[in-house]
Amino acid sequence: KDPALTAPVALDFMLGQPGRGKTTLGTKLAAKHNMIFVSVGQLFREEVKKPVSERLPGLSEVRICDS
């Protein structure tokens with residue numbers, strides 16, 4: 001087995017209101033402690049910018065229906 005796949009993993013989460021410095025602090029801590037920083041909010045914003053056809057390749061048409 002690959003030791004990288006069986007090594008223990010630690011996950012740390014930062015929660016807070018928008019504009020409170022989570023990304024700033026996270027990137028600094030990641031650099032200092034040789035960790036990976038992932039901003040879920042930034043990933044979400046980048047995903048939303050993509051066209052629907054790129055996010056959902058099997059979808060050919062988007063319709064909004066009133067119920």
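The side chains of Lys 50 and Glu 47 come together in a salt bridge, with 3.1 Å from N to O. This pairing makes a good starting point for a tour of the predicted model, since the structure holds 1 salt bridge. The two side chains also make a polar contact, again at 3.1 Å. Lys 50 sits in the loop between helix 3 (40-49) and helix 4 (52-55). Both partners fall into the middle class of accessibility: Lys 50 is partly exposed, with a relative accessible area of 31%, and Glu 47 is partly exposed at 33%. Neither residue counts as buried, because that class requires a relative accessible area under 20%.

Stepping back to the overall fold, the protein chain contains 4 helices and 0 strands. Read from the N terminus, its elements follow the order α-α-α-α. Of the 67 residues of the chain, 4% count as buried. The chain exposes about 6700 Å², and carbon and sulfur atoms supply 59% of that area.

Part of this surface deserves a closer look. Met 14, Leu 25, Leu 29 and Met 35 form a nonpolar surface patch, and together these residues have about 330 Å² of accessible area. One member of the patch, Met 35, lies in the loop between helix 2 (22-32) and helix 3. With a relative accessibility of 42%, Met 35 counts as partly exposed, so its value is over the 30% that patch members need.

The loop between helix 2 and helix 3 also holds Asn 34. The backbone is worth a glance here: Asn 34 has a positive phi of about 55 degrees, although this residue is not a glycine. Asn 34 is exposed, with a relative accessible area of 73%; the class follows because exposed residues are those over 50%.

A word on confidence helps in reading these details. The mean pLDDT of the protein chain is 83, and 90% of its residues reach 70 or more. Within the chain, confidence is highest in helix 2, with a mean of 93, and lowest in helix 4, with a mean of 74. Where pLDDT is low, the predicted coordinates should not be read in detail.

Note on methods: Residues numbered from 1 in each chain as written. Predicted model: local features only at pLDDT ≥ 70, side-chain atom pairs only at ≥ 80, totals over all residues. Heavy atoms only, no water. Helix = DSSP H or I, 4+ residues; strand = E, 2+ residues; numbered from the N terminus. Polar contact = N/O pair within 3.5 Å; in protein donor to acceptor, adjacent residues only side chain to side chain. Patch = residues over 30% accessible without salt bridge, like charges linked within 9 Å, V, L, I, M, F, W, Y side chains within 5 Å. Areas by Shrake-Rupley, 256 points an atom, 1.4 Å probe, with all protein chains shown as cover. Salt bridge = Lys/Arg side-chain N within 4 Å of Asp/Glu carboxyl O. Buried < 20%, exposed > 50% of the residue type's maximum accessible area, 1.4 Å probe, protein only. pLDDT = per-residue confidence, 0-100.
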